[in-house]
Amino acid sequence: MSKMGRELSTFILGNSFQIPLADESVHCAITEPRFWTLRPHTREYDDRHLGNELSANTYLQRFVEIMREVKRVLRRDGVLWLFMDDSYGGPIDRFPADREPTPQFVGNRLLIPQRLALALQDDDWIVRQILIWANTAVKLEYYPGWRVLENGELRRGSWRRTTAHKYIFMLTKQMQYWADSTKDDLTSVLYVSTQPYRLPPFEQEIPTEIITPLIEATCPEWCCPLCGQGWAPRVNSR
């Protein structure tokens with residue numbers, strides 16, 4: 001970030017359910033929320049903190065409410081980039097005694113990103129694009145499958161591959177949104193790695209190499225001082 005960029009930066013601390021910004025005042029928004037059960041505030045399941053809800057449905061409902069507030073502050077020609085990760089149904093001992101999950105839940109891929117995308121579409125968002133962030137520096141997860149031990153005993157297991165990707169949803173309020181295609185020639189798969197083994201896969205920092213092209217492609221560098229419309233770049237025709 002340049003010296004001028006640092007001088008113009010403003011940090012606002014507030015509640016996601018009541019963002020302290022004016023209506024339609026934001027050109028571009030990027031967020032990576034707390035994923036359900038992956039980044040818990042506490043070890044207990046409750047409905048006080050996003051990501052700690054007792055059920056995935058409650059998490060999705062609350063998240064749709066937050067996105068309504070984002071929609072309020074986002075300009076009609078603005079773009080929202082939403083990072084989202086999935087999780088598996090956890091073991092029974094992670095749940096309160098009065099809410100034991102069904103056997104079909106335990107170990108099941110919950111499809112939180114897909115369910116959230118459908119819920120946002122039902123709430124009048126346009127899911128314009130789905131990007132895949134492929135991280136090649138994740139720590140391998142060891143889930144052995146069936147195998148025969150040295151003593152001849154058959155050990156059963158539930159093998160699966162290590163998860164090495166996240167979803168990035170490009171969401172808009174309308175099809176006529178501001179975008180500069182000269183700033184981003186990437187495909188829908190982004191091969192950018194975090195620092196290997198530094199943090200668990202669900203707590204790794206988002207590299208600036210991912211955020212920078214998203215901002216440059218959908219956040220205008222200059223705007224009209226009267227209406228706030230982003231100025232389009234000059235394109236030399238031949």
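Reader: Hey, how many bridges join strand β2 to strand β6, and which way do they run?
Author: There are 6 bridges between β2 (residues 74-84) and β6 (residues 165-172), and the two strands run antiparallel. Strands here are DSSP runs of E with at least two residues, helices are runs of H or I with at least four, and both are numbered from the N terminus. Two strands pair if DSSP finds at least two bridges between them. This is a predicted model, where local features need pLDDT of at least 70, side-chain atom pairs count only at pLDDT 80 or more, and totals for chains, interfaces and linings use all residues. Residues are numbered from 1 along each chain as its sequence is written, and side-chain values use heavy atoms, leaving out hydrogens and water.

Reader: Cool. Which residue in β6 is the bridge partner of Leu80?
Author: That's Leu171.

Reader: And what's the strand order in the open sheet?
Author: β1-β2-β6-β3-β7, so 5 strands with mixed pairing. β1 (26-31) and β7 (189-191) each have a single partner strand, so one side of each has no neighbour in the sheet.

Reader: Switching to helices: at what angle do α2 and α3 cross?
Author: Roughly 45°, with the axes of α2 (residues 56-73) and α3 (residues 112-122) coming within 10 Å. Axes are lines fitted to C-alpha atoms, for helices over the stretch in contact, and angles run from 0 to 180 degrees between N-to-C directions.

Reader: Which residues in α3 meet α2?
Author: Ile112, Arg115, Leu116, Ala119 and Leu120, and their partners in α2 include Phe63 and Met67. Contact means heavy atoms within 4.5 Å.
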